[in-house]
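Trainee: I would be grateful for a close look at a single helix and its surroundings. Please take its two sides in turn.

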Amino acid sequence: MVHERTGSRANAVVGLQWGDEGKGKLVDLLASEFDAVVRYNGGANAGHSVVVGGERYALHLVPSGILSPDVLAVIGNGVVIDPHRLLEELRTLQDRGVDTSGMVISDRAHIVMPYHKAEDALREELLAPAADRGPEQTKRVVSAIGTTRRGIGPAYADKVHRATAIRIGDLLNRAVLASKLEMICSMKNAVFESLHPGEHESFDAVQLTDEMVKLGELLAPMISDTAYLLDDLRREGKSILFEGANATMLDVDHGTYPYVTSSNSSALGIGPGSGVPPQAVTKIIGVVKAYCTRVGGGPMPTELFDDVGDAIRQRGREFGTTTGRPRRVGWLDLVALKYAAMISGATELCITLLDVLSGEPELKLAVEYEMPSGRTARFIADGILLSDATPIYETMHGFSEDITGARSFDELPPNARAYIERIEAFVGVPVRTVSVGPDREQTIRR
Ligand code: IMP
């Protein structure tokens with residue numbers, strides 16, 4: 001017997017820069033048109049802020065679809081979950097009157113344990129800039145990643161190590177959990193002790209087992225085999241929206257490695273992170289800021305260190321949703337954007353924060369890089385080599401009008417329209433959505 005899934009629709013929203021492009025707003029806007037919104041990668045390192053009716057919600061683990069009634073909010077197997085944070089986020093939403101009964105969590109998602117956060121912090125300290133660490137370290141090429149210290153990298157590393165990992169499903173089985181944690185804690189404690197003798201936090205397997213079993217009891221009603229759940233939805237002709245976290249340039253395989261996150265945070269992560277096969281996703285909306293930002297370490301060729309950068313940072317409120325860190329700001333990098341659209345297979349673009357550029361007399365767009373080996377229009381997906389790139393800019397006229405009230409493309413000033421059209425032509429992907437402010441209404445569809 002053949003099982004048809006043809007009536008079903010699966011789309012995705014994915015960031016095409018270094019994160020914080022405004023994906024949360026777009027997902028929230030689209031969510032009510034879908035039956036389920038699915039997170040497939042990352043963890044509490046992500047910060048999606050959504051403004052509904054003037055109220056700002058900051059989401060880290062919970063899919064932005066939670067704010068739309070009757071939409072399933074699914075955390076797929078590719079996500080790494082800090083159960084304390086997840087429960088706290090759900091409680092905060094409930095306290096604000098949000099119905100969270102549509103929340104479903106994969107039994108195969110991995111857990112971020114307390115020792116992962118300690119490992120994340122320790123690694124970052126050990127990798128701290130050479131200047132801070134004395135003469136024996138000054139030859140180091142790779143410095144700290146500038147992680148969110150949410151334990152993301154160590155949790156994914158244990159997932160790949162296999163025997164030292166804990167999955168959501170394990171929380172429901174005390175015997176399995178106790179046995180795994182006994183072995184894991186002795187290994188982790190030995191490593192911490194050897195790296196930081198006498199200073200490390202000691203992890204107690206019995207205590208951790210009790211704590212995790214309690215968390216498992218609270219999460220139990222939400223736990224499910226989400227690969228089957230999503231397949232059932234597809235057979236029923238229901239629609240699914242995948243919500244990318246972090247972004248394409250932070251993808252562990254295709255981003256500015258090693259200055260990346262530890263998951264496939266491009267659209268390429270959808271299959272492994274959800275169990276839905278790649279051909280199911282037919283529309284991929286690439287979200288891109290009208291300029292660039294980055295948090296943490298790693299190269300960003302168009303970074304601005306002047307008053308223009310400061311002004312954009314202030315107007316765009318470019319301070320991290322997750323860590324509060326000021327974001328690095330730069331001109332839009334079309335070389336990187338065209339590459340990211342290719343990797344994530346973007347079928348359309350959504351340009352966000354265009355209003356923030358209002359007031360800049362000229363706008364610059366990077367169209368090539370000058371490298372030690374000559375000019376190139378190709379992105380260099382290597383965080384060490386890319387640090388030698390000098391951007392070659394094209395300059396366009398800016399606009400000074402307040403565009404936050406514009407609701408159609410024609411209402412935008414001619415210079416703003418020309419800027420969008422230049423992006424579209426360079427990347428070769430149509431811009432279908434332009435966001436001119438944080439609220440749902442401040443959105444232009446073309
Ligand atoms: P990690 O994901 O915490 O390991 O951090 C790795 C790098 O990715 C750091 O530079 C972080 O600042 C960055 N990063 C991770 N998630 C996000 C995000 O959602 N937005 C922006 N940057 C992120």
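Mentor: On one side of helix α6, the residues V206, Q207, K214, E217 and L218 are exposed, where exposed means over 50% relative accessible area, buried under 20%, and partly exposed in between (1.4 Å probe, protein chains only). This is a predicted model, in which local features need pLDDT of at least 70 and side-chain atom pairs count only at pLDDT 80 or more, while totals for chains, interfaces and linings use all residues. Residues are numbered from 1 along each chain as its sequence is written, and side-chain values use heavy atoms, with hydrogens and water left out. Helices (H or I, at least four residues) and strands (E, at least two) are DSSP runs, numbered from the N terminus.

The other side of α6 holds A205, L208, T209, M212, V213, L215, G216 and L219, which are buried. They lie on the same side of α6 because they cover an arc of only 165° around the axis, the arc being that of the directions from the helix axis to the C-beta atoms. An α-helix has 3.6 residues a turn, so residues three or four places apart point the same way.

The partners of this buried side come next. The buried residues of α6 pack against the helices α2 (83-95), α3 (114-126) and α5 (174-195), and also against the strands β7 (103-106), β8 (110-111) and β9 (223-224); contact here means heavy atoms within 4.5 Å.

As for its length, α6 runs over residues 205-219, and its 15 residues should span 21 Å at 1.5 Å a residue; the end C-alpha atoms are 20 Å apart, which agrees. The expected span is 1.5 Å times one less than the number of residues.

At the N-terminal end, α6 is capped by D204, with a side-chain oxygen 3.0 Å from the backbone nitrogen of V206. A polar contact is a pair of N or O atoms within 3.5 Å; within protein, one must be able to donate a hydrogen and the other to accept it, and residues adjacent in sequence count only if both atoms are side-chain atoms.

One of the packing partners, α5, also borders a loop worth checking. The loop between α4 (152-161) and α5 contains R162, whose phi is near 70°, a positive value in a residue other than glycine. R162 counts as exposed because its relative accessibility is 66%.

A similar backbone feature is found at R317, with phi near 50°, again positive in a residue other than glycine. R317 lies in the loop between α9 (307-315) and β13 (328-330) and is exposed, at 53% relative accessible area.
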